[in-house]
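Before reading on, take a moment to turn the model around and follow the chain from one end to the other. The report below begins with one loop residue, then moves to the whole fold and to several places within it.

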Amino acid sequence: MARYQELFQGKKQVFLIRNGEAADAPAVMRYMSQVNRETTFLSMEAGEFEKVFSLEKETQLLAEWAPSQYHLSLLAQTEAREIAASCNCSYSTEKRRYRHRASLGLSVRQDYWRQGLGRRLLEIQEGWCRSQGITKLCLEVDTSNTPALGLYLRMGFEVEGTLRREVHMADGSYRDLYIMAKFLDE
């Protein structure tokens, strides 16, 4: 994977968008711990990330992703070098019938919402997917996450279906997820 780096002028400040690398593991651990406490729209409960991912495991994962041509891991950093957002996109070449599609995951720290970071990270990932010959970009989003839904719809994603009772919350309730996709060859 070619190295990616860009200074992005958000609505209130400048961010450095760049590839994640093994040395970022401690900062990624702090970031994931924080975003999982800020919202219930991500895939893990507060405190769960730290139980699933050790520093060693996160370091190894970032080290594997950095040189991969099938995965683009992007971090957006503040001038104080704090991670403000993360966006990962990957595809598999193991099954030829699915080689055309990539999966995307995006999170932004609450204090950096509405800065344009989510939009910019999606634009970068879309460009990378096009350069890889990907024609379908897929994601899942909580049906209650209206800010994210609005962004994805504005970016050209469409709802393809609903995964009913897909998420089981700590309070015993369930949430649905939308499956969304954007066709890059249309």
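## A loop residue and its surroundings

Gln69 has a relative accessible area of 44%, and because this value lies between the limits of 20% for buried and 50% for exposed residues, Gln69 counts as partly exposed. The model in which this residue is seen is a predicted one. Gln69 lies in the loop that connects α3 (55-65) with β3. Although Gln69 and Ser90 are 21 residues apart along the chain, their C-alpha atoms are separated by 8.9 Å.

A second loop residue can be described in a similar way. Thr93 is located in the loop between β4 and β5, and with a relative accessible area of 39% Thr93 is also partly exposed. Its C-alpha atom is 8.1 Å from that of Tyr70, a residue 23 places away in sequence. When neighbours within four places in sequence are left aside, Thr93 is in contact with Tyr70 and Arg99.

## The fold as a whole

The protein contains five helices and eight strands, and reading along the sequence gives the pattern β-β-α-α-α-β-β-β-α-β-α-β-β. A compact globule of 186 residues would have a radius of gyration near 16 Å, and the protein, with 16 Å, agrees with this expectation. The C-alpha trace spans about 45 × 40 × 35 Å along its principal axes.

Of the 186 residues, 44% are buried. The accessible surface comes to about 10400 Å², and carbon and sulfur atoms account for 48% of that surface. If one considers the contacts between residues at least 6 apart in sequence, 60% of them join residues at least 24 apart. The protein carries 25 positive and 25 negative charges, and the mean positions of these two groups are 3 Å apart.

## Helix α5 and what it packs against

Helix α5 covers residues 146-154, and its buried residues are Ala148, Leu149, Gly150, Leu151 and Tyr152. Which elements do the buried residues of α5 pack against? They pack against two strands that flank the middle of the list, β5 (101-108) and β6 (136-142), as well as against α4 (117-131) and β8 (174-183). Just after α5 comes Gly156, which takes a positive phi of about 100 degrees.

## Two arginines with positive phi

Positive phi values are also found in two residues that are not glycines, Arg114 and Arg165. The table sets out the phi angle, the place and the relative accessible area of each of them.

| Residue | Phi | Place | Relative accessible area |
|---|---|---|---|
| Arg114 | near 65 degrees | loop between β5 and α4 | 69%, exposed |
| Arg165 | about 50 degrees | strand β7 (residues 158-168) | 51%, exposed |

Arg114 therefore belongs to a loop and counts as exposed because its relative accessible area of 69% is over 50%. Arg165, in contrast, is found in a strand, β7, and its value of 51% is likewise over the 50% limit, so that Arg165 counts as exposed.

## Cysteines without a disulfide

How many disulfides does a search of the whole structure find? The search finds zero. Cys87 takes part in no disulfide, and the nearest cysteine sulfur, which belongs to Cys89, is 7.0 Å away. For Cys89, the closest cysteine sulfur is that of Cys129, at 3.5 Å, which is too far for a bond because a disulfide needs the two sulfur atoms within 2.5 Å. Cys87 has 0% relative accessibility and is buried, and Cys89, also at 0%, is buried as well.

## A buried threonine in a loop

Is Thr78 buried or exposed? Its relative accessibility is 8%, and because this is under 20%, Thr78 counts as buried. Thr78 is placed in the loop between β3 (71-77) and β4 (83-90). Not counting residues up to four places away in sequence, Thr78 touches Gln13, Val14, Phe15, Ala84 and Tyr112.

Definitions and conventions
Residues numbered from 1 in each chain as written. Predicted model: local features only at pLDDT ≥ 70, side-chain atom pairs only at ≥ 80, totals over all residues. Heavy atoms only, no water. Helix = DSSP H or I, 4+ residues; strand = E, 2+ residues; numbered from the N terminus. Rg over C-alpha atoms; globule rule 2.2 N^0.38 Å. Buried < 20%, exposed > 50% of the residue type's maximum accessible area, 1.4 Å probe, protein only. Contact = heavy atoms within 4.5 Å. Areas by Shrake-Rupley, 256 points an atom, 1.4 Å probe, with all protein chains shown as cover. Lys, Arg positive; Asp, Glu negative; His and termini not counted. Charge placed at Lys NZ, Arg CZ, Asp CG, Glu CD.
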